[in-house]
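Me: I keep seeing labels attached to parts of protein structures, and I'd like to know how each one is earned. Please take me through this one.

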Amino acid sequence: MLEKLTGAFSDIIRTVSGKASITEKNIEESVEKIKMALLEADVNLRVVRRFVNSTVEEAKGEKVLRAVDPGQQFVKIIYDKIVELLGSSKTDLALKGPDTQSVILLLGLQGAGKTTAAHKLAAKLKKEGRRPVLAACDLVRPAAVEQLCVLGEKIGVPVYKEETKDAVRVARNALDFAKRNGCDTLILDTAGRLQIDEEMMKELVSVKSAMKPDEVVLVADAMTGQNAVDIAKTFDEQLGITGIILTKFDSDARGGAALSLRSITGKPVLFIGTGEKTEDFEVFHPERIAGRILGMGDIVSLVEKAQETVDQEAAEKMQQKMARNEFTLQDMLEQLQNVKKMGSMQSILEMMPGISSQLAGQNIDTSIMKKQEAIIQSMTKKERANHLIIGPSRRKRIAKGSGTSVADVNKLIKQFEKSKLMMKKLGRNRGMQAKMMQQLMGSQGGNPSGMGGLGGGFGSLGGLGGKMPGGFGGGKFPGGFGL
C-alpha cells in the first residue's frame with residue numbers, strides 16, 4: 001500500500017538524513033521533491049500547498065539549521081507534518097454503553113465496499129465484546145440483502161431484513177429487533193448509487209432523521225484518490241458525516257485520499273480495509289501510517305497482529321521448545337500458517353522497520369511460502385518430528401507428493417537446520433531478545449507489552465522478514481521465508 005509515496009519519501013529521506021549540515025538550499029530542494037511526490041500521489045493541491053509552506057517555515061528556523069543532527073531533525077519535521085495531515089491521533093467510535101443501543105449509519109457510493117465494511121466492522125465490534133446486529137437497508141442493489149446475510153452468518157452476527165422497499169421501515173424495525181434481542185450496536189448498510197443523486201440523498205436523509213445515529217460513517221474507495229475527497233465533502237455537506245472508512249487501502253499505491261480527507265473535510269479516517277478477509281480491517285493510526293509512508297515500518301501494528309493471531313500459551317511453549325532445541329518441521333509448518341493468518345506477506349514486511357522502504361513498488365513473491373508449506377505437508381508425522389530420518393528416497397517421495405523438486409526439499413531442510421540453530425541461541429538468551437526489541441522499537445516510541453509471549457522476539461512467527469532471527473529463507477531477505 002502507498003508504494004509510490006513510500007518510494008518517493010524514502011529517496012528524499014535517504015538524501016537528507018545523511019547530510020552533516022542543512023542549508024536553506026537543501027531544504028528548498030527537498031521540499032520541492034516532497035511537493036512533486038504529493039502531487040503525483042493525487043493529494044489535494046490546497047493540502048499540498050499548506051503542507052509545503054508549514055514544512056518550509058519550520059525547517060528554515062534555527063531548530064533545524066543549528067540542530068545537533070539537522071538531517072534527522074528535518075526528517076522528524078516531515079514525519080510530524082504527515083501525522084498532522086492524517087489527523088494527529090486515532091479517533092474512536094462514539095458509542096453508548098452496553099445497556100442501550102448505538103446506531104451506526106454507513107453510507108457511500110455503490111462499489112465502495114459498504115456491505116463488506118459493514119460485516120468487517122461488526123466482526124471487530126463483536127471481538128471487542130459488543131453485541132452487533134446488521135440491518136439490510138440496501139434495497140436497491142440486486143442481491144445486496146443476500147450478500148449481507150451470508151457475511152453475517154460467516155461471523156455469527158444476526159442480520160435483520162424485510163421484504164419491502166422502505167429503508168426507513170427496515171431501519172426502525174431493526175432497532176426494535178436489537179432491543180428485543182439484547183444487541184447493543186445496530187449497523188445500517190444503506191443503498192448507494194454509481195454517483196451522487198437526489199433520490200439517494202433523500203433516502204439517506206430520511207433514514208438519518210428517523211434513526212438519529214450515533215455515527216454517520218462514509219465508506220470511500222481509497223483508490224479513487226481526489227474523487228473520494230470530493231465525494232466525502234458532498235456527503236458531509238448533505239448529511240454531516242462523523243468519520244470515514246477507507247476501503248481497498250491495500251491496493252492504493254498513491255495515498256492521495258488518505259492524505260487529503262482530514263484536511264478537506266475535517267472528519268477523521270476511522271478504519272482502513274486492507275484486504276478481502278474479514279480480519280483485514282484496521283483502526284486508522286495516523287502516526288503509524290506516517291511511519292509506513294516514510295519507510296519506517298510499523299512494528300506496533302505488527303506486534304498487535306501477532307498477538308491477535310498467536311495464542312499466548314502456545315507461543316510460550318514454542319519459546320521453551322526453541323530454548324531446548326526441540327523445534328521441529330511441524331512447528332515450522334504451524335508458524336507458516338500463523339503468518340498467513342496475519343495477512344499478506346507484503347503487508348507484514350511493509351511493517352518491518354528497515355525493510356518497508358526497500359519494498360516500495362515491489363511485489364513480494366509468496367509462492368515460496370506456499371511451496372515450503374506443501375513440502376512439509378507431504379511429510380509423515382515421524383519425518384516432521386525428526387528431519388534427520390529424511391534420506392534420499394524419502395526426499396524424492398516428498399518432492400513428488402508436493403509437486404516440487406528434490407532440490408527444493410533439500411533447500412528447505414538446510415534452511416530449517418540453520419534457523420533451528422539461530423532459534424536455539426535466541427531462545428536461551430533473554431538479554432539478546434530484549435536488546436533486539438529495543439533496536440526494533442527505536443523509532444516507534446515505545447515497547448508494547450506482551451512481546452515475550454510471541455516466542456522469543458518473533459521467533460514463534462518463524463522470523464518475519466530477512467532481518468529477523470528464526471526465519472526459514474534466504475535471498476533478498478535472509479532468514480525470511482526465502483523471499
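Reply: Here's a rule to begin with: a residue is buried under 20% relative accessible area, exposed over 50%, and partly exposed in between (1.4 Å probe, protein chains only). This is a predicted model, where local features need pLDDT of at least 70, side-chain atom pairs count only at pLDDT 80 or more, and totals for chains, interfaces and linings use all residues. Residues are numbered from 1 along each chain as its sequence is written, and side-chain values use heavy atoms, with hydrogens and water left out.

Me: Okay, why is Lys96 called partly exposed?

Reply: Lys96 has 35% relative accessibility, which falls between the two cut-offs, so it counts as partly exposed.

Me: And what makes Lys96 and Asp214 a salt bridge?

Reply: The rule wants a side-chain nitrogen of Lys or Arg within 4 Å of a carboxyl oxygen of Asp or Glu. In this pair the closest N and O atoms are 2.7 Å apart, so Lys96 and Asp214 pass. Lys96 lies in the loop between α5 (70-86) and β1 (102-107), while Asp214 is in the loop between α9 (198-211) and β5 (215-221), so the bridge ties together parts that are 118 residues apart in sequence. Asp214, at 22%, is partly exposed too.

Me: How many salt bridges does that rule give?

Reply: The count comes to 14. One of them joins Glu128 and Lys124, at 3.4 Å from N to O. Glu128 is exposed, because its 53% is over the upper cut-off, whereas Lys124, at 22%, is partly exposed.

Me: Why does the pair of Lys371 and Asp408 count as a salt bridge?

Reply: Their N to O distance is 3.7 Å, so it is still within the limit. The pair links distant parts of the chain: Lys371 sits in helix α17 (residues 367-377), and Asp408 is 37 residues away in helix α20 (residues 406-428). Lys371 has 36% relative accessible area and Asp408 has 22%, so both are partly exposed. Elsewhere, salt bridges with shared partners join Arg130, Arg131 and Asp184 into one network.

Me: What makes something a helix or a strand here, and how many are there in the chain?

Reply: Both are DSSP runs numbered from the N terminus: helices are H or I with at least four residues, strands are E with at least two. By that rule the chain has 21 helices and eight strands.

Me: How do you know that α3 and α11 are roughly perpendicular?

Reply: Lines are fitted to C-alpha atoms, for helices over the stretch in contact, and the angle between N-to-C directions runs from 0 to 180 degrees. Under 35 is roughly parallel, over 145 roughly antiparallel, 65 to 115 roughly perpendicular, and the rest oblique. The axes of α3 (residues 45-59) and α11 (residues 256-265) come within 9 Å and cross at roughly 90 degrees, and therefore they count as roughly perpendicular.

Me: Which residues of α3 and α11 meet?

Reply: Arg46, Val47 and Arg50 in α3 meet Leu259, Ser260, Ser263 and Ile264 in α11, where contact means heavy atoms within 4.5 Å.

Me: What makes α12 largely enclosed?

Reply: Seven of its eight residues are buried, so the rest of the structure largely encloses α12. Among the buried ones are Arg288, Ile289 and Arg292. Ile289 has a relative accessible area of 3%, so it is buried by the rule. The C-alpha atoms of Ile289 and Val83 are 7.9 Å apart, although their positions lie 206 residues apart along the chain.

Me: How many disulfides does a search of the whole structure find?

Reply: Zero, where a disulfide would be a pair of cysteine sulfur atoms within 2.5 Å. Cys137, at 0%, and Cys183, at 7%, are both buried.

Me: Last one: what is the sign of phi at Lys212?

Reply: Positive, at about 45 degrees, although Lys212 is not a glycine. Most residues other than glycine have a negative phi. Lys212 lies in the loop between α9 and β5, and at 64% it counts as exposed. Lys248 also has a positive phi, about 55 degrees, and at 32% it is partly exposed.
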